[in-house]
Amino acid sequence: MSKPPADAVLSLAQLLEQQSPAPPPCLVEPGLLPSQGILFVGGEPKVGKSLLVANLALSLAAGSDRLGFPVPAPRRVLVCQFELPVPQFVSRLAIMRRAMGSAADQNLFVDTRATGHLLSAPQGLQHFLAAAQAAAAEIIILDPLYSTHDQDENDTRAMAALCQSLLRVREASRAALIIVHHVRKSIGRYEIGSAFRGSSALHAVGDSYVLLTRPSPQFNTVELRFQFRYAAPLPPRLLELDAAALWFSAAGVLPVAAATDRRKVELADVQQALTELGRTDPL
């Protein structure tokens, strides 16, 4: 049986000597993105996940608070996105950049050759690690997760293996991960981390979860709901999209009425109500 390296097994005294007992500060407060944490951002297609994450990437690179979440310091951010051709993605970033100038220019990096590389393959894993090293990334964005693998998302063993690849990226790069992912077709009002599509392995590996929903299709407003492993949960909040600038901004607190479950009234409900009123003839 192989032995671990001598410096891999440390006493508590050695650990306390090497590391502060206080947890490192979060990269995005309050508790949204812990140091070397894994944040999942999810929602239905076209709800605005990628736009929100691009906003967050620019805010992190600039060290500025533009979304209502405090960003304590500028960070080096590597974006690995697979949905848009590079020219279109650069055009999107250029529109967002107008609102903040050059503040993020030196800290935001884009992996222009991410497409086609899979975390589930050794060569793909090495590609992402090399890109993270080239950028000296403190934060790596993967958008969307399903483009980074070729596994069955309903297969627990396959998803567990994918999660191990995510953990290897985090450990080797010492970077935090922001992962964009879809949710299941039917989810409950109060589901957050468990709403993400695929095996429960994904729910187990994350440190923070943000779920986007659209309260009304008539408005460019999204509701954010949160679940954190290491911090108290935030109340739901609303963000409004400026379609011209491609930036989300705070749109106030969620109305109490919007926080209640809405359920379709079924025929059985009507029959029960009429029965209680003394009418028993069928409808």
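**Entry 1: the α4/α5 contact.** I looked up which residues join the two helices: L125, L129 and A132 in α4 meet S165, R168, V169, A172 and S173 in α5. I sorted the residues of this contact by type and obtained 5 nonpolar, 2 polar and 1 charged. I note that the model I am reading is a predicted one.

**Entry 2: geometry of the pair.** I then took the two axes. Helix α4 covers residues 122-135 and helix α5 covers residues 156-173; they pack at an angle of about 30 degrees, and their axes lie 10 Å apart. Angles under 35 degrees count as roughly parallel, so I entered α4 as roughly parallel to α5. I recorded the crossing of α4 and α5 as right-handed.

**Entry 3: nonpolar cores.** I looked up the largest nonpolar core and found 45 residues in it. Those with the most contacts inside this core are L33, L60, V77, I139, I178 and L224. Helix α2, residues 49-62, gives the most to this core, with 10 residues. I listed the partners of L33, setting aside residues up to four places away in sequence: L33 touches C26, L27, V28, L39, L60, I139, A176, L177 and I178. Apart from the largest core I found another, of 34 residues, with L125, L129, A135 and I192 among them.

**Entry 4: N55.** I located N55 in helix α2. Is N55 buried or exposed? Its relative accessibility is 0%, so I counted N55 as buried. Leaving aside neighbours within four places in sequence, I found N55 in contact with L67, M96, L246, W247 and F248.

Terms used. Residues are numbered from 1 along each chain as its sequence is written. This is a predicted model: local features need pLDDT of at least 70, side-chain atom pairs count only at pLDDT 80 or more; totals for chains, interfaces and linings use all residues. Side-chain values use heavy atoms; hydrogens and water are left out. Axes are lines fitted to C-alpha atoms, for helices over the stretch in contact, and angles run from 0 to 180 degrees between N-to-C directions. Helices (H or I, at least four residues) and strands (E, at least two) are DSSP runs, numbered from the N terminus. Angles under 35 degrees count as roughly parallel, over 145 as roughly antiparallel, 65 to 115 as roughly perpendicular and the rest as oblique. A crossing is left-handed if the near helix is turned anticlockwise from the far one by less than a right angle, and right-handed if clockwise. Contact means heavy atoms within 4.5 Å. Ala, Val, Leu, Ile, Met, Phe, Trp, Tyr, Cys and Pro count as nonpolar, Asp, Glu, Lys and Arg as charged, and the others, Gly among them, as polar. A nonpolar core is a set of buried Ala, Val, Leu, Ile, Met, Phe, Trp, Tyr and Cys residues joined through side-chain atoms within 4.5 Å. Buried means under 20% relative accessible area, exposed over 50%, partly exposed in between (1.4 Å probe, protein chains only).
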